[in-house]
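Thanks, everyone. I'll take a few minutes on one model. Have the sequence and the structure up while I talk.

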Amino acid sequence: MLDAALAYAQHNQPNALEELMAFLRIQSISTLPEHAADVRAAAEFLAAKLRQIGLECVRLIETDGHPLVYAEHLHAPGKPTLLLYGHYDVQPPDPVHEWISPPFEPEERNGNIYARGAVDDKGQLWMQVRALESLLASGVLPVNVRVLAEGEEEVGGEGIANYLAKHSADLACNAALVCDTELFAPNLPTLCVGLRGMIYTEIEVHGARTDLHSGMYGGVAPNPFIALAHIIAHLRDQDGTILIPGLLDGIKQPTKAELLAWQALPFDEEHYRETEVGSIKLIGEPGYSVLERTWARPTLDVHGMPGGFTGTGAKTVIPSHAVAKVSLRLVPGMNTKDTFTRLQQYVAQITPPGVTVDTRLIHSGEPVVVDTENSYVRAATIAMREVFGRDTVFVRGGGSIPVVGDFTRLLQIPTVLMGFGLPDDNLHAPNEKFCIANFYRGTDCLIHFLTLCGA
Ligand code: BES
Ligand code: MN
Ligand code: MN
């Protein structure tokens, strides 16, 4: 059965690539309201495929935002039930002129497929689809499966969180399989065992009632951008250490064993700085390694400051208000509620005179560390060893997948985070890609994994 499924997957590779390209052409950008119909089209596309390969009860589940896609195949009595998760929404493609080929016209170049969503997460979602297709086409799916894909991961995943809170009983399962992370290095089988959480906020400062002539009123009217710059400058120091009082207090350090394992990973800081980050220096908290800073320490970043005059040329105006989009990444020992409260209070405290400030929460997700002492994680490491011929390393991810916290808390199941991206895949950036060999190897790993879970 296993061999037949692997052979099917191999034989079916050209087809799969074509299908993935069609999926990637759909502009399912969840954060842009003008693309809501495209997001839905991507959901329909996925649902149609799940129906075609023989999954049952395939349907879109409506939320307050973009729909979930649900499907099931529950014909392996006595075997465990897995919840397969991925997201079909993508980040906006800007800056579009930095793409070598257009973001929604997938192109194959030097063994990669380039498109927005190639690795994050349509390509990885499609590996799950292909693994199911290959097993079903060769006779049996040896384990019970529920598929739950969302179209709002990139905007915080509120719909799926609400759905899980209400309908956890309908989703009875033994473990979740998430394909939305990356390998630590090419050819190095990797499981992700922790993710940072986040709060995404907007800090808005109001000055004068309306925009004002900066010559007539400059000198008396408060400038909201200057006020905002002052606020931001006091949120963290030059190393990146967050200055919000109490924020760092409860943080759980990684264990000694984890730190030792991280030290043994193949990591060249200078190469990383040069090729991945591309800055003249890496910044960050003294006394912590790069992996600790990106996996186990909180961060605070500014994503954009809309407002005022940003067109070409010059306009002499004192804007009446200014906004900064600010997020914090959370690590174990922190929670979204307290972190937001602390931020809000501190911002109010450091706001200069003459302006008012409003700090709003846009979305949030809790940090997670997943349990590795269970049969599903063991099956995943065996599956990866079969395909890669090497032992699996355990890493954490600096990114966030909000729903994983809900799997742990609401469904109380272990989660396997098995992803096949590469560190240089440019997720959320121009020229996002997915290594085609990893698309195929990932599919094979999933076929092995599902087979092992049903053994
Ligand atoms: N797949 C990523 C998260 C990720 C990337 C985890 C690399 C591990 C390694 C996910 O799609 C993502 O980008 N999440 C957002 C979540 C946010 C918008 C709530 C993130 O991390 O910024
Ligand atoms: Mn993702
Ligand atoms: Mn993403």
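Charges to begin with. The chain carries 34 positive and 54 negative charges. Their mean positions sit 3 Å apart. Keep in mind that this is a predicted model.

Now the surface. About 19600 Å² of the chain is exposed. Carbon and sulfur atoms make up 52% of that area. On the inside, 55% of the 455 residues count as buried.

Next, the overall build. We have 13 helices and 18 strands in this chain. The radius of gyration is 23 Å, close to the 23 Å from the globule rule for 455 residues, so the chain is as compact as a globular protein of that length. Along the principal axes, the C-alpha atoms fill a box of roughly 80 × 50 × 45 Å. And the contacts? Take those in the chain with a separation of 6 or more. Of these, 80% are between residues 24 or more positions apart.

On to the nonpolar cores. Which residues touch the most other members of the largest one? They are Leu50, Met418 and Phe449, in a core of 68 residues. Helix α4, residues 118-137, gives the most to this core: ten residues. Look at Leu50 more closely. Leave out its neighbours within four places in sequence, and Leu50 contacts Leu55, Val58, Val69, Ala71, Val129 and Val147. Apart from the largest core lies another, of 26 residues. Its members include Ala227, Ile231, Ile244 and Ile251.

Now a helix, α12, residues 402-411. Is it mostly covered or mostly open? Mostly covered, with seven of its ten residues buried. Those are Pro402, Val403, Val404, Gly405, Asp406, Phe407 and Leu411. Right after α12 comes Gln412, with a positive phi near 55°.

Then a strand residue. Thr201 is in β9, which spans residues 197-206. Its relative accessibility is 0%, and the cut-off for buried is under 20%, so Thr201 counts as buried. What does Thr201 touch, beyond residues up to four places away in sequence? The list is Ala324, Lys325, Val326, Phe340, Leu343, Arg360, Leu361 and Ile362.

Last, two prolines in loops. Pro319 is in the loop between β12, residues 317-318, and β13, residues 321-330. Pro319 has 7% relative accessibility, so it counts as buried. Setting aside residues up to four places away in sequence, Pro319 touches Asp211, Asn223, Pro224, Phe225 and Gly308. Pro319 and Leu212 are 107 residues apart along the chain, yet their C-alpha atoms are separated by 6.7 Å.

The other one is Pro95. You will find Pro95 in the loop between β3, residues 81-87, and β4, residues 107-109. Is Pro95 buried or partly exposed? Its relative accessible area is 30%, and buried means under 20% while exposed means over 50%, so Pro95 is partly exposed. Pro95 and Leu24 are 71 residues apart along the chain. Their C-alpha atoms are separated by 18 Å.

To recap the loops: Pro319 counts as buried, whereas Pro95 is partly exposed. That's my tour. Over to you.

Key:
Residues are numbered from 1 along each chain as its sequence is written. Chains are lettered from A and ligands numbered from 1 in the order in which they are written. This is a predicted model: local features need pLDDT of at least 70, side-chain atom pairs count only at pLDDT 80 or more; totals for chains, interfaces and linings use all residues. Side-chain values use heavy atoms; hydrogens and water are left out. Helices (H or I, at least four residues) and strands (E, at least two) are DSSP runs, numbered from the N terminus. The radius of gyration is taken over C-alpha atoms; the globule rule is 2.2 Å times the number of residues to the power 0.38. Buried means under 20% relative accessible area, exposed over 50%, partly exposed in between (1.4 Å probe, protein chains only). Contact means heavy atoms within 4.5 Å. Accessible areas come from the Shrake-Rupley method with a 1.4 Å probe; for residues, only the protein chains shown count as cover. Lys and Arg count as positive and Asp and Glu as negative; His and the chain ends are not counted. The place of a charge is taken as NZ of Lys, CZ of Arg, CG of Asp or CD of Glu. A nonpolar core is a set of buried Ala, Val, Leu, Ile, Met, Phe, Trp, Tyr and Cys residues joined through side-chain atoms within 4.5 Å.
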